[in-house]
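User: I would like a close look at one part of this protein, beginning with a single residue and working outward to the elements around it. Please take it step by step, and then set that part against the rest of the chain.

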Amino acid sequence: MSELEELHARVAALTAQLAEARAELAALRPRVAEPADAAEVMRTIFEAAVDAMVMLGDDGAIVDVNRAGAALFGRPREEVRGRHLGELAARPLDLAAAWRDFVAAGGELEVRRPDGAIRVTEFRAIAALRPGMHVARLADITAHVATVEALREADHRLRTVVASAPLMLFATDRAGMFTLCEGKALRTLGIAPHEYIGTSAIERQRYWTGGEDVIGRALAGERIEGEFTANGRTVECTIEPIRDATGAITGVTGVSIDITAHAQAEAALRASEARFRAVVEQSHDGIALLDENIRPMYRSPRLAELFGYAEGETAALGWLNLVVDADRPRMVQVIARLRATPRSRALLEFRIRHRDGRVRWVEGTATSLLDDPAVGAIVASFRDITDRRAAERERENFFAQSVDLMCIADQDGRLRRLNPAWTRTLGWSLDELYARPWSDFVHPDDVGKTATAAGASTDGSISTTLVNRLRHQDGSYRWVHWTSMYSVEDGLYYSVARDVTEARSAAERQRLLFAANPIPMYVCELGSTRMLDVNEAALALYGYARDAFLELTAYDLVIPAEASEMEAVMARVVATGSARVLHRRHRTRGNAVLDVEVTSQHLTFDGREASLSVVVDVTKERALQAQLVQSQKLEAIGRLAGGIAHDFNNLLSVILSYATLAADEVPPDSELHADLREIEHAATRASRLTRQLLAFSRQQVVQPLTVDLDRAVRDLAKMLKPLLGEAIDVVLDLASADRSITIDPGQLEQVIMNLAINASDAMPRGGKLVLATSIAELDAAHAEAHPGASTGPHLRLAVTDSGTGMDAATLARIFEPFFTTKPRERGTGLGLSTVYGIVQQCGGHIAVRSEVGRGTTFDVYFPGQPGMAPARTTSPVPVATGGSETILLVEDEPALRTIMGTALRRHGYAVLEASDGEDALRVAAAHAEPIAMLVTDVVMPRMNGRELAERLVPLRPAMRVLYVSGYTADALGHQGVLEAGIAYLQKPVTPLVLAAKVRAMLDAPG
């Protein structure tokens, strides 16, 4: 009997005893007349009860307990009485709070014994003795609960096993309805158990392939075994009827196992066997199974083609008889070894005589499996290698005749096979090469990389990058280029080496011509124009690192405006082999624009069609050319301006002189006197224009002094502020320290005034004008960028405005005379040209920086010298007094000569006139009396004034010399700078100035 059945029996016995006790109690109640008798009866029942009985008050306190109860609690009665039932419970129990509900409902109550053991009881209130007093029964069901839990655990384990095994367990009732359906196989079939429970197994079996009415047959008493298919899975199933104790069928039970994988494996095996047979029968090799007497047990169809004989014919002849006589003894030895040695293997090549009479080479492989029960044969395969042997002979001939070095070596570096080219190339005999390790013939510096390359190719890959040096017998080394392949099958290296010594020398020369060439060059691929190579000169020109340059295309170098022409250039390179492009504009990494000349040549570079471009940077040359053109243009204009100024000064001298003389003769209050003065003023203004032209052309005669630049700028700033107006803020930033410049002070004033006025015109609404000085050390690069500039220490005068600025077209012409952006009535266009001429004349140079809308800066550089300039003194106002001395006047302009002579005669002088130098020499020779002074023009035809003086003064040592001119062609000094000790008057000249100068010179000592 099982534990569960025993438990059920005990529960039934207890229930019967309780029922009997209740019946006895019910029978006694009518006979109890007095309460005392009833209490006695109840006491007797209470004590005699098998189950634990307790008397409880309304608050749950234990009034009494029977012997069974004391045993249940594991305590003496005395210890139990008076205690609260909740105190003896295993878990807290508040009987006082819910006593009525607890008594009415009852339930399980766990009791904890003093030893810690817990007993499970079923609590039931069975009677009320009197108000406030109840009798309750506590049936000990601990064993029952444990048995139920054990059954539950056993059921869980059984279900777990069923769920994890590849089974499906099912059962039906007599009507064929599923009552049980469990197992892992259900998940494989994609079925949930609840989909089956309560459904008809008879209906379900319709979906089983090969199922027929197996459920009905099992319900009829038949045991069914077989394979079925359901939901694409194959299952093996056993179904049999369930019978009760009388033998009646109450249902069926079944067990099924998912054998899909097994069925698939069997199918795969059958397919594999079919494929194997197909492979054997369709194989290019002939395959045979031979018994121990070398008789064919099986032969593939290919063997008939190989030998030319049908199966029966081969058996009659004996296939060994087909082997040529020379190879047959070796074959007999091999067969004997295969018979004697199980599992041995033989590989051999032999010749057979085909049925058509031709001799064919055959490669055979045989393995002895005579001891294998499953085979019991020698397994042999044969392949026709006649064509391969022919190819090997061809390769052997090629191997012997090749000019390249061919080598077969093992992993240890031993040379297995070398062709004769080794001897022809290196001078060593083949025996000498075989006798020594390969490292003896490799240059010591190349041994490491050679070993590394060999090790890297052991995966069967091809290496084409190894170039090393091999030692010649004479001690020299030859450069060779290797192509190697490692054969995994035979563990050998197969290598071909080509002598590239001469090619490498030529390539190295070409590489040096490319890499070390100072002319920038690069190589780009035709089509994509991607960069392939570049030399250092090109990297320096464009400002790129090598890796960054090689990521460019040719389109990245040209400016966007010229990118469209690139395709045409590449097309010319392809069509003609070369293309020359002049005056290309390229851009550097910093986006600077270069003027370059590019010559492109077609070539093949690393197997690619490419173009070699040679770049000549002509940026500086073009800039210098532009500056030269500008200088030549300005020089030509200057010469023209100088010639005009010379003639114009002569005319102005005449006009000024006659106007002055006439005004002196007319009363001051007459209208004619005023008109004459206006003529005089107009001629004076015109003379200023001629001075500007002469200053521009650097033909103005000047008398330079040592000038403190900071002091001069500071003094002129006081004049500029009221002149420019309050809207313009004049700021000084003077820092030329203790250095000075050499310049005519009047010319310096012209420079500053012209630049300041020009700046004010650029700031019509006001702004800031900054006059700054500083010391600048000019280097060769600066001098190269500014034609006419010199190196060394300079003083820099920077005139900066915050005005409208200028565009590039305006900047290119600002120093041209008569070029102006101002309205006609506001400017002559000579201001900046005057500044340019003055700065050039004093040995400096001028540069300009400007952007539209961002103002302009003129940088004027003067050659500097240490030391401060002396303070300037004011020259005395000349006084025109007369005299009686004889003066030789030489002037090629008749009208000017006449008025100058008239002016001198009016002041009492005796005047000898001459039209040019030669005429003056004749006049002086004819005049025996002393000549006190020579007043001569500088620039005259045939002989200039300086040459005339040099010829006359030695003849008349006491004669003073005064030069009068509007400009000079270096006759009185370099670039118009007057030499020390030379007296000079600037045209146009007035009678008063002429007379005052003559008198002052004649009165001067010595």
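## One residue and its surroundings

Analyst: Leu992 counts as partly exposed, because its relative accessibility of 48% falls between the 20% limit for buried residues and the 50% limit for exposed ones. The model is predicted, and every value that follows should be read with that in mind. Leu992 is part of helix α33. Along the chain Leu992 and Thr660 are 332 residues apart, yet their C-alpha atoms are separated by 8.5 Å.

To place helix α33, it helps to begin with the sheet on which it packs. This is an open sheet of five strands, arranged in the order β35-β34-β36-β37-β38 with parallel pairing. Its edges are formed by β35 (910-914) and β38 (983-986), each of which pairs on one side only. From one strand to the next, the twist averages 20°.

Within this sheet, strand β34 (residues 886-890) runs parallel to strand β36 (residues 933-937), and four bridges join the two. One bridge can be located by residue, since Leu889 has Val935 of β36 as its bridge partner. Helix α32 (residues 945-952) packs on the sheet and touches β34, β36 and β37 (960-965), its direction making about 155° with that of β36. Helix α33, which spans residues 991-1003, also packs on the sheet; it touches β34, β36, β37 and β38, and its direction makes about 155° with that of β37. The helix that holds Leu992 therefore touches the edge strand β38 as well as β34, β36 and β37.

A second helix offers a view of how burial is arranged around an axis. Helix α14 (residues 328-340) has 13 residues and reaches 19 Å from its first C-alpha to its last, close to the 18 Å expected at 1.5 Å a residue. Its buried residues are Met331, Val334, Ile335 and Leu338. They cover an arc of only 100° around the axis, which means that they sit on the same side of α14. The exposed residues Pro329, Gln333 and Ala340 are carried on the face turned away from that buried side. The partners of the buried residues are strands too, namely β13 (345-353), β14 (359-369) and β15 (377-384). In the loop between α13 (311-317) and α14 lies Leu322, which is buried with a relative accessible area of 7%. The C-alpha atom of Leu322 is separated by 5.3 Å from that of Ile352, although the two residues are 30 apart along the chain.

Other strands in the protein pair in the antiparallel sense, as β30 (residues 767-778) and β31 do over ten bridges. In that pair, Ile775 has Leu795 of β31 as its bridge partner. Strand β31 (residues 792-801) is mostly covered, with seven of its ten residues buried.

Two further residues can be set beside Leu992. Thr529, in the loop between β22 (521-525) and β23 (531-534), has a relative accessible area of 2% and is therefore buried. Apart from neighbours within four places in sequence, Thr529 is in contact with Cys524, Leu552, Thr553, Ala554, Tyr555 and Met570. Cys524 is itself buried, at 1%, and Cys237 is buried as well, at 3% relative accessibility; the structure holds zero disulfides. Asp595, in strand β25 (residues 593-605), has a relative accessible area of 19% and so counts as buried, the limit being 20%. When residues up to four places away in sequence are not counted, Asp595 touches Arg584, Arg585, Val616, Asp617, Val618, Thr619 and Arg622.

As for the whole, the protein contains 33 helices and 38 strands, and 42% of its 1006 residues are buried. Of the contacts with a separation of 6 or more, 52% are between residues 24 or more positions apart.

Note on methods. Residues are numbered from 1 along each chain as its sequence is written. This is a predicted model: local features need pLDDT of at least 70, side-chain atom pairs count only at pLDDT 80 or more; totals for chains, interfaces and linings use all residues. Side-chain values use heavy atoms; hydrogens and water are left out. A disulfide is a pair of cysteine sulfur atoms within 2.5 Å. Buried means under 20% relative accessible area, exposed over 50%, partly exposed in between (1.4 Å probe, protein chains only). The expected span of a helix is 1.5 Å times one less than its number of residues. The arc is that of the directions from the helix axis to the C-beta atoms. Contact means heavy atoms within 4.5 Å. Two strands pair if DSSP finds at least two bridges between them. Axes are lines fitted to C-alpha atoms, for helices over the stretch in contact, and angles run from 0 to 180 degrees between N-to-C directions.
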